[in-house]
Amino acid sequence: MKEVNISELERRFQEKIDNDIRIEPKDWMPDEYRKTLIRQISQHAHSEVVGMLPEGNWITRAPNLRRKAVLLAKVQDEAGHGLYLYSAVETLGADREQTIDDLHSGKAKYSSIFNYPTLTWADMGAIGWLVDGAAIMNQVPLCRCSYGPYARAMVRVCKEESFHQRQGFEIMTTLAKGSPEQKAMAQDALNRFWWPALMMFGPNDAESKHTQQSMDWRIKRHTNDELRQMFVDATVPQAELIGLTVPDPDLKWNEETGHYEFGEINWDEFWQVVKGNGPCNKDRIDTRRKAKEEGMWVREAAMAHADKRAKRKSA
Amino acid sequence: MANREWPLWEVFIRSKQGLNHKHVGSLRAADAEMAIENARDVYTRRSEGVSIWVVESMNLFASDPSEADALFEPADSKVYRHPTFYDVPDGIEHM
Ligand SMILES: [Fe+2]
Ligand SMILES: [Fe+2]
Ligand SMILES: [Fe+2]
């Protein structure tokens, strides 16, 4: 085979991307593309896993058996999403154990939304409706991401997400139609989760350093602000329909643009939470670490058992 | 040998009788039995399968994508393997 230089490889790579030909694990790819994907997919995986904690908090206290079964199934799905994504990260040559340790050491990030506490049952409604709703906005375009294993994982995830959003909206609808106390509880959950949900789309386009490169590589298909706008446009009428008020005095419909205008996001709060100073950051990571440490002996025992059986078989 | 990582397994699922097993992803498990149980939980929570194969990833061998052109070239140059290569006179219907 004749020598091919890097710039020629890069040109061929970009040509594939531009023609919407997916990149697969063993294909040549620029180091930065690989690094960007490892960072993004592992952050996504961590978000799925840490995202189980705020909801797991309410499984034992769900108001009835139906809600409990549904919440359990939803949280189990999130574990599955984490696993699809960790295996996608591994196809890029990242070490799974190291990836998880990076979460536990604070080196790797996860979605800042999961650093808010779940104070009442209505928060299960707000999370399914808003947080999974925002996740869907982000994830649907990722089904066409240029990296094959990530795109395929997203197809599976998106199929499962829509039930997550519906069950959340159903909880909100039920509470909004209930007693004045129940309705107030739903409104309070919306008040607390609205702004953090808008922050899930990340910094404004002008502040977002990775966006352009990610768009050129077709990892991303829309900018943060575009996705955020789509989410607001989709969600505000849903709140109105069930008689809840979006907690934004600046929110108004713009007839001309066909979009909602909304108020300024508190970016100080966003960066504080990203940097680890949110209400639950420490608690979330401590819980994950504890789960890993306390499960260690089980993983070792399973390995020892497998070794013993393999030895017996070969003897 | 403390804290040895569980090996990686590739998972193949037959979605219904009559169809072939298809690769769906991978997972970690201590042995084949656990890999099948984990595959059930990870990849078939909505009845996506009637049968599961797992293969330890280290036992899987793949062609090299950078040599794909050379590898598949023999097929590309043999258009006469396709029925559309042949002229069929007008009036012939089922051929
Ligand atoms: Fe998820
Ligand atoms: Fe997600
Ligand atoms: Fe979800």
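## The iron site

Donors to a metal are N, O and S atoms within 2.8 Å of the metal. In this predicted model, A:Glu48 bridges two iron ions, ligand 2 and ligand 1, which lie 3.2 Å apart. For the iron ion designated ligand 2, the protein donors are A:Glu48, through OE, and A:Gln139, through NE2, lying 2.0 Å from the ion.

A:Glu48 belongs to helix 2 (residues 31-50) of chain A and A:Gln139 to helix 6 (residues 122-142) of chain A, so the pair ties together parts that are 91 residues apart in sequence. Both A:Glu48 and A:Gln139 are buried.

## A:Glu78 and its surroundings

A second glutamate, A:Glu78, is found in helix 4 (residues 65-90) of chain A. Its relative accessible area is 5%, so A:Glu78 counts as buried, the cut-off being under 20%. The side chain of A:Glu78 makes a polar contact of 3.0 Å with the side chain of A:Lys74.

Beyond its neighbours within four places in sequence, A:Glu78 is in contact with the bridging residue A:Glu48. The other residues that A:Glu78 touches in this way are A:Met52, A:Asp132, A:Glu161 and A:His164.

## The nonpolar cores

In soluble globular proteins, nonpolar side chains tend to be buried together. The largest nonpolar core of this model holds 89 residues, and within it A:Tyr33, A:Tyr147 and A:Trp194 touch the most other members. With neighbours within four places in sequence set aside, A:Tyr33 is in contact with A:Phe13, A:Ile17, A:Ile23, A:Ser146, A:Tyr147, A:Trp217 and A:Ile219. Apart from this core lies another, of five residues, including A:Ala302, A:Met303, A:Ala306 and B:Ala30.

A:Trp217, one of the contacts of A:Tyr33, is also in contact with A:Gln14, as is A:Asp216, when neighbours within four places in sequence are left aside. A:Gln14 lies in helix 1 (residues 6-18) of chain A and is partly exposed, with a relative accessible area of 24%. A:Gln14 and A:Asn64 are 50 residues apart along the chain, and their C-alpha atoms are separated by 53 Å.

## The hairpin of chain B

In chain B, strand 1 (residues 8-14) and strand 2 (residues 21-28) pair in the antiparallel sense over seven bridges. Within this pairing, B:Val11 has B:Gly25 of strand 2 as its bridge partner. Six residues stand between the strands of the hairpin, where B:Gly18 takes a positive phi near 100°.

## B:Tyr43 between the chains

B:Tyr43 is placed in helix 1 (residues 32-43) of chain B. At 2% relative accessibility, B:Tyr43 is buried. Leaving aside neighbours within four places in sequence, the contacts of B:Tyr43 in chain B are B:Val11, B:Ile13, B:Val24, B:Gly25, B:Ser26, B:Leu27 and B:Glu48. Among them, B:Val11 and B:Gly25 are the bridge partners named above.

B:Tyr43 is also in contact with residues of chain A, namely A:Tyr84, A:Ser87 and A:Arg156. Between B:Tyr43 and B:Ala68, the separation is 25 residues in sequence and 30 Å in space, C-alpha to C-alpha.

## Confidence of the prediction

The predictor assigns the complex an ipTM of 0.90 and a pTM of 0.93. Chain B has an average pLDDT of 93, and 97% of the residues score at least 70.

Methods: Residues are numbered from 1 along each chain as its sequence is written. Chains are lettered from A and ligands numbered from 1 in the order in which they are written. This is a predicted model: local features need pLDDT of at least 70, side-chain atom pairs count only at pLDDT 80 or more; totals for chains, interfaces and linings use all residues. Side-chain values use heavy atoms; hydrogens and water are left out. A nonpolar core is a set of buried Ala, Val, Leu, Ile, Met, Phe, Trp, Tyr and Cys residues joined through side-chain atoms within 4.5 Å. Buried means under 20% relative accessible area, exposed over 50%, partly exposed in between (1.4 Å probe, protein chains only). Contact means heavy atoms within 4.5 Å. Helices (H or I, at least four residues) and strands (E, at least two) are DSSP runs, numbered from the N terminus. pLDDT is the predictor's confidence in each residue, from 0 to 100. Two strands pair if DSSP finds at least two bridges between them. A polar contact is a pair of N or O atoms within 3.5 Å; within protein, one must be able to donate a hydrogen and the other to accept it, and residues adjacent in sequence count only if both atoms are side-chain atoms.
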